[in-house]
Protein chains: 2
Amino acid sequence: VRPWSPSATVGVVGAGQLARMTQQAAIDLGVELRMLGRGPTDAAAAIGNVSFGDPRDLDELRRLAGGCDVVTFDHELIPHGHLVELESEGHLLRPSAHAKLAAQDKLHARTAMSAAGFPVPRFEPVASIEEVERFAGHAGWPLVLKRRTGGYDGRGVLVASDRDEAEAAGVADGGWIAEELVPILCELSQIVVRGADGEIVAYPLVRTFQEDGICVETVAPADVPGDVAERSRAMAEGIAATIGAVGIVAVELFLTAGGEVLINELALRPHNTGHFTIEACVTSQFENHLRAVLGWPLGETRLLAPAVAMRNLIGTGEANPAENAAAALREPGAHLHLYGKEPAGGRKLGHVTALADSPDEALRTCRRAIQNLQPKEVQWTS
Amino acid sequence: VRPWSPSATVGVVGAGQLARMTQQAAIDLGVELRMLGRGPTDAAAAIGNVSFGDPRDLDELRRLAGGCDVVTFDHELIPHGHLVELESEGHLLRPSAHAKLAAQDKLHARTAMSAAGFPVPRFEPVASIEEVERFAGHAGWPLVLKRRTGGYDGRGVLVASDRDEAEAAGVADGGWIAEELVPILCELSQIVVRGADGEIVAYPLVRTFQEDGICVETVAPADVPGDVAERSRAMAEGIAATIGAVGIVAVELFLTAGGEVLINELALRPHNTGHFTIEACVTSQFENHLRAVLGWPLGETRLLAPAVAMRNLIGTGEANPAENAAAALREPGAHLHLYGKEPAGGRKLGHVTALADSPDEALRTCRRAIQNLQPKEVQWTS
């Protein structure tokens with residue numbers, strides 16, 4: 001007799017906060033989660049079944065996949081060839097290696113989306129400063145330079161105002177794409193979940209707010225004009241079906257001053273802009289991701305309140321906001337999520353979610369709670 | 001540098017499903033939970049930081065308490081003297097040894113509640129069959145016999161119709177109380193949380209449904225006449241303050257045919273009749289229990305939907321309902337909680353919660369989901 005009777009066993013490449021919150025959902029479902037982390041400071045390491053190893057090592061991936069019904073991911077930093085190899089050896093990956101590539105390689109994603117007729121900013125692969133200048137010739141300066149792979153939280157993305165700045169970025173290394181700088185009205189995120197049978201459910205459209213390239217706040221439903229929500233949803237559903245994703249597909253979008261909705265980035269895993277779903281939706285993104293990758297029926301995505309906001313807790317130095325947890329909980333309705341990570345400047349250490357009758361009210365609760373966690377940072381005056 | 005940075009460390013005596021669900025709440029709060037379990041088949045053993053030992057061994061309790069900011073409980077089966085000893089050694093127990101006694105010893109609880117003016121069924125300690133007969137002389141047959149300590153899920157409680165049945169129960173052993181058999185309209189549960197500073201918050205009144213002495217279903221808010229909800233709440237708040245509890249106080253109540261509300265049992269820990277709070281309330285009973293024992297502010301207890309129901313998944317044999325998890329999730333709005341326990345007849349293996357516009361609708365969803373988990377049990381025809 002096994003010491004316990006899981007309903008299924010899921011492998012997760014990665015053991016960060018996404019895996020940590022997936023573990024909470026896995027507990028409800030009786031699912032055993034086995035995670036491959038980098039080391040004991042990973043957010044999930046203290047609370048889950050995590051073995052440590054390099055996700056760029058095929059043997060580590062094999063060891064993880066060996067005992068699991070299915071393997072999924074909490075990040076993108078896995079060599080694509082390894083994923084193809086695992087599949088050829090008979091392991092079930094969800095999303096598949098092919099689908100996952102859309103989140104791993106920005107050039108592949110842009111090319112595939114564009115070919116399928118989805119609206120993307122003008123882009124071009126660039127391998128030299130001359131190619132950047134040629135692209136600037138029709139897209140204009142400033143323009144955006146992005147590394148094809150490995151970027152996250154604004155890393156690997158920069159705005160270059162001229163040739164000198166582009167040169168300083170090191171585009172001659174290869175592995176970059178250039179993009180037009182789109183005049184943005186606001187940024188949005190549309191999260192959908194695609195089941196193994198092709199069923200798709202969509203979460204409410206989210207408006208996102210960035211600081212220094214990191215998403216700091218989200219509100220849902222997004223306060224956007226006209227049929228933007230409808231178009232965003234149709235686009236995300238189309239993308240999920242086109243790439244054959246299974247699990248969460250998070251589509252970061254630009255709403256342009258001209259009313260266009262353009263694809264920014266894709267993620268094929270639970271996403272920071274979907275954390276609000278834990279308290280605010282019938283089924284959280286984490287549970288729905290598990291349901292999808294296990295081939296189980298998807299859960300309802302409806303909001304339980306008129307509005308919801310989320311604010312990330314971003315480290316400002318060595319101060320440990322966890323010491324102020326009680327102060328954060330003084331705010332009625334503030335849902336605290338601490339990731340148990342070592343504090344460091346710029347690091348995501350947690351988040352706060354609040355449900356309310358209006359987005360502004362929800363945001364105010366989140367901000368007060370975050371300010372109580374970081375009392376030395378006087379961030380808002382009202 | 002510690003591998004992670006918890007906001008606090010809480011010891012839990014016990015590692016069953018209550019500890020398992022408390023661990024899910026602890027993850028959100030960045031709280032490190034250290035549990036003392038019986039063995040690897042405990043519900044929390046597969047998902048948390050559990051050491052194994054006998055909770056009747058004072059040294060095991062000392063080892064647990066040693067590294068923790070506070071110690072709390074997921075069951076009652078700890079010698080009261082050990083709790084007193086731990087406190088005298090300087091360990092912080094919440095609830096305190098004194099308060100916990102009200103849930104450990106039914107005679108103590110009845111006597112204390114009665115002395116404080118709270119309505120309880122007529123009762124008397126009995127140590128011989130003659131004493132039972134004397135009690136029956138004024139309370140009548142049938143009557144209820146309860147062991148003072150150690151009972152749960154209907155164990156240690158029986159209805160005796162006559163002297164022979166009372167004798168068969170073995171009351172001559174001592175350690176029993178006799179109670180009048182109250183004419184019950186329905187059973188209720190009122191859960192309140194008392195903070196370390198004396199603040200009290202109350203969850204909505206719950207109606208509970210028993211089979212074979214085990215609670216199988218709950219609905220909230222309870223559909224009770226007149227001021228029953230108000231009286232139940234006032235009573236539970238009064239009890240929590242009277243015994244000086246910190247954390248959850250679950251008061252099981254009888255509503256009599258005459259409209260009286262009488263105290264049945266007390267539990268000073270998260271309670272089966274409060275599982276609905278995970279999805280249906282702003283703050284779950286598990287999070288509020290942690291907040292309380294840590295001396296943190298309590299969270300809101302409001303319902304997020306008009307009605308909510310919960311049905312327990314009770315094992316019927318060796319069949320493992322976890323294998324049918326996907327089928328349960330076919331029911332829209334059914335929230336599944338599997339405890340990862342080895343299947344056995346009569347064992348609580350999980351529960352399902354559903355929010356809806358009416359209690360009946362919520363109950364129907366729960367029942368369909370449970371039936372999908374146990375397809376061989378044809379339990380309902382409509």
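A crossing of two helices is called left-handed if the near helix is turned anticlockwise from the far one by less than a right angle, and right-handed if it is turned clockwise. With that convention in mind, the tour of this predicted model starts where the two chains meet.

**First stop: α1 of chain A and α1 of chain B**

Select α1(A) together with α1(B), and look from one helix through to the other: α1(A) passes α1(B) in a left-handed crossing. The axes of this pair come within 10 Å and cross at roughly 160 degrees; since angles over 145 degrees count as roughly antiparallel, that makes α1(A) roughly antiparallel to α1(B). To see the contact itself, show the side chains of A:Arg20, A:Gln24, A:Ile27 and A:Asp28 on α1(A), and those of B:Arg20, B:Gln24, B:Ile27 and B:Asp28 on α1(B).

**Second stop: α1 and α10 within chain A**

Keep α1(A), residues 17–29, and add α10(A), residues 285–293. These two helices pack at an angle of about 70 degrees, with their axes 8 Å apart, and are therefore roughly perpendicular to each other. Which hand does the crossing of α1(A) and α10(A) have? The crossing is right-handed, and the residues that make the contact are A:Leu18, A:Met21, A:Thr22, A:Ala25, A:Ala26 and A:Leu29 on the α1(A) side, with A:Phe286, A:Glu287 and A:Leu290 on the α10(A) side.

**Third stop: α1 and α10 within chain B**

Now select α1(B), residues 17–29, with α10(B), which pack at an angle of about 70 degrees with their axes 8 Å apart. This pair is therefore roughly perpendicular, and α1(B) and α10(B) cross in a right-handed manner. On α1(B), highlight B:Leu18, B:Met21, B:Thr22, B:Ala25, B:Ala26 and B:Leu29, which meet B:Phe286, B:Glu287 and B:Leu290 of α10(B).

**Fourth stop: the loops on either side of α10**

Staying in chain B, move to B:Thr283, which is found in the loop between α9 (277–280) and α10 (285–293). Although it belongs to a loop, B:Thr283 is buried, with a relative accessible area of 4%. Leaving aside neighbours within four places in sequence, the residues in contact with B:Thr283 are B:Tyr203, B:Thr277, B:Asn288, B:Arg291, B:Gly299 and B:Glu300.

Then switch to chain A and select A:Gly299, in the loop between α10 and β15 (307–314). A:Gly299 counts as buried, at 7% relative accessibility, and, not counting residues up to four places away in sequence, touches A:Val201, A:Thr283, A:Asn288 and A:Arg291. A distance drawn from the C-alpha atom of A:Gly299 to that of A:Cys281, 18 residues away along the chain, should read 9.7 Å.

**Fifth stop: α2 of chain B**

Next select α2(B), residues 58–66, and colour its buried residues, which are B:Leu58, B:Glu60, B:Leu61, B:Leu64 and B:Ala65. They cover an arc of only 160 degrees around the axis, which puts them on the same side of α2(B). The face turned away from this buried side carries the exposed residues B:Arg63 and B:Gly66. To see what covers the buried residues, bring in the surrounding elements of chain B, which include β1 (8–13), β2 (31–37), β3 (49–52), β4 (70–73) and α3 (80–88).

**Last stop: α8 in both chains**

In chain B, select α8(B), residues 228–243: at 1.5 Å a residue, its 16 residues should span 22 Å, and its end C-alpha atoms are 22 Å apart, which agrees. Which residues of α8(B) are buried? They are B:Val228, B:Ser232, B:Met235, B:Ala236, B:Ile239, B:Ala240 and B:Ile243, and they cover an arc of only 130 degrees around the axis, which puts them on the same side of the helix. The spacing fits a general rule: an α-helix has 3.6 residues a turn, so residues three or four places apart point the same way. Among the elements of chain B that cover this buried side are α4 (97–104), α5 (106–115), β9 (184–194), β10 (200–202), β13 (247–256) and β14 (261–267). Just beyond the helix comes B:Gly244, whose phi is positive, near 70 degrees.

Finish in chain A with A:Ala236, which lies in α8(A), residues 228–243. A:Ala236 is buried, with a relative accessible area of 1%, and, apart from neighbours within four places in sequence, is in contact with A:Gln190, A:Val192 and A:Val251.

Technical notes:
Residues are numbered from 1 along each chain as its sequence is written. Chains are lettered from A and ligands numbered from 1 in the order in which they are written. This is a predicted model: local features need pLDDT of at least 70, side-chain atom pairs count only at pLDDT 80 or more; totals for chains, interfaces and linings use all residues. Side-chain values use heavy atoms; hydrogens and water are left out. Helices (H or I, at least four residues) and strands (E, at least two) are DSSP runs, numbered from the N terminus. The expected span of a helix is 1.5 Å times one less than its number of residues. Buried means under 20% relative accessible area, exposed over 50%, partly exposed in between (1.4 Å probe, protein chains only). The arc is that of the directions from the helix axis to the C-beta atoms. Contact means heavy atoms within 4.5 Å. Axes are lines fitted to C-alpha atoms, for helices over the stretch in contact, and angles run from 0 to 180 degrees between N-to-C directions. Angles under 35 degrees count as roughly parallel, over 145 as roughly antiparallel, 65 to 115 as roughly perpendicular and the rest as oblique.
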